[in-house]
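Thank you all for coming; please have a look at the structure on the screen while I talk you through it.

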Amino acid sequence: MRCSSLPSLLRPAIAGLLALAGATPGRAAVEVVTTTTDLAAIAREVGGDRVRVTAIAAGYQDPHFVDAKPSYLLKLQRADLFVQVGLELEIGWAPTLLGNSRNAKILPGGVGFVDASQGITRLQVPSAADRSAGDIHAYGNPHYWLDPANGGIVAANIAAGLARVDPPGAAAYDAALAAFGNKLDAALHRWSAAAQPLAGVPVVAYHNSYVYLEQRFGFRVVGFVEPKPGIPPSGRYVAELAEEMRRQGVKVILMSTFYDQKTANLLAKLSGARVVTLANSVEGLPEVKDFFALFDVNLERLLAAVKE
Ligand SMILES: [Zn+2]
């Protein structure tokens, strides 16, 4: 039987069922838009079935540089809550999108605006910002989501934002936040124990994105493939770095999926080190499905590299 031949009496009933499948009856989902997939993963943990979450940047994209597609504007227009990493990570694209969203609620200072970096202990805050030296972040290194402990602070910021835009859900958000905190505490113990073999291991990183992960897992970043953040290396710089890596016995080059593989592979060949690709964000690698998997998978890859 084709749909068009359904008895007309049945059609409203089916339409009603379809509407119910999308949301809990009597309550529209709180629309949350986040800049990154990490924030989205945490928002889902805290918001549960009261929220519908969309991330703008895909997990395999470089969050510094995102194409501000007009299709995101539609999502922002309808958003109840907007969550950003902050510390100028998204400065190249998020303010433009927000400015064009025609949704005052989610602008900085609005009830629906969350800067997830509130309360984070910032690392590498420059004493005098000097942008001529490359992509220097004036408020400190913005890659703080790569310390899993910071996930708890992010979750608290998001829970507070959700409670502002959806007061009847406040108790549910509080409970989910506490559950997330417990799960995170248990994982932090597990990760600290597993990371023991990484203590003091020297590594070179493509971009300056691992200062928070370094602090948590105990390895030591001794150099960068980028001479300055956001600036690609010359052939001469790569050769000199390779020499320095041999001198210091650096065996690992940390990469993300979106950096230049060719440069990393050349450096590996010249230095005798191996390239280890880490997920920069949730969904940055296919197996990284949530915030916990981000660290399970990255830790596993780091451990496999130092074992060899
Ligand atoms: Zn950066």
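I will go through the two sheets, then a loop residue, and finally the core and the helix that feeds into it. Please keep in mind throughout that this is a predicted model.

Let me begin with the sheet that holds strand 1. This is an open sheet of four strands in the order 2-1-3-4, and the pairing is parallel. Strand 2, residues 51-55, and strand 4, residues 113-115, stand at the edges with a single partner strand each, so one side of each is left without a neighbour in the sheet. From one strand to the next, the twist averages 20°. Looking at one pairing in detail, strand 1, which covers residues 30-34, joins strand 2 in the parallel sense over five bridges, and within strand 2 it is Ala55 that stands opposite Thr34. Across strand 1, strand 2, strand 3 and strand 4 lies helix 5, residues 150-165, and this helix runs at about 170° to strand 4.

Now to the other sheet, the one built around strand 5. Here we again have an open sheet of four strands with parallel pairing, in the order 6-5-7-8. The edge strands are strand 6, residues 220-224, and strand 8, each of which pairs on one side only. Neighbouring strands in this sheet are turned against each other by 35° on average, with direction ignored.

Strand 5, residues 202-205, pairs in the parallel sense with strand 7 over three bridges, and it is joined to strand 6, also running parallel, by four bridges. Ala205 takes part in both pairings, since its bridge partner in strand 7 is Leu254, while its partner in strand 6 is Phe224. Is strand 5 covered on its faces, or open? Both faces are covered, with Pro202 and Val204 buried on one side, and Val203 and Ala205 buried on the other. Helix 9, residues 261-271, lies across strand 5, strand 7 and strand 8, and runs at about 175° to strand 7.

In the loop between strand 5 and helix 7 we find Asn208. With a relative accessible area of 18%, Asn208 counts as buried, the cut-off being under 20%. Its side chain makes a polar contact, at 3.0 Å, with the side chain of Gln124. Setting aside neighbours within four places in sequence, the contacts of Asn208 are Gln124, Asn141, His143, Phe224 and Glu226.

That brings me to the core. In soluble globular proteins, nonpolar side chains tend to be buried together. The largest nonpolar core in this model has 63 residues, and Phe217, Phe219 and Leu254 have the most contacts inside it. Its largest share, 10 residues, comes from helix 10, residues 291-307. As for Phe219, among the residues it touches beyond four places in sequence are Leu198, Val203, Leu254 and Leu302.

What, then, does helix 10 pack against? Its buried residues, which include Phe291, Phe295, Leu299 and Leu302, pack against helix 2, helix 5, helix 6, helix 7, strand 7 and strand 8. The N-terminal end of helix 10 is capped by Asp290, of which a side-chain oxygen lies 3.1 Å from the backbone nitrogen of Phe292. As for length, the 17 residues of helix 10 should span 24 Å at 1.5 Å a residue, and the end C-alpha atoms are 25 Å apart, which agrees.

Notes. Residues are numbered from 1 along each chain as its sequence is written. This is a predicted model: local features need pLDDT of at least 70, side-chain atom pairs count only at pLDDT 80 or more; totals for chains, interfaces and linings use all residues. Side-chain values use heavy atoms; hydrogens and water are left out. Two strands pair if DSSP finds at least two bridges between them. Helices (H or I, at least four residues) and strands (E, at least two) are DSSP runs, numbered from the N terminus. Axes are lines fitted to C-alpha atoms, for helices over the stretch in contact, and angles run from 0 to 180 degrees between N-to-C directions. Contact means heavy atoms within 4.5 Å. A nonpolar core is a set of buried Ala, Val, Leu, Ile, Met, Phe, Trp, Tyr and Cys residues joined through side-chain atoms within 4.5 Å. Buried means under 20% relative accessible area, exposed over 50%, partly exposed in between (1.4 Å probe, protein chains only). The expected span of a helix is 1.5 Å times one less than its number of residues. A polar contact is a pair of N or O atoms within 3.5 Å; within protein, one must be able to donate a hydrogen and the other to accept it, and residues adjacent in sequence count only if both atoms are side-chain atoms.
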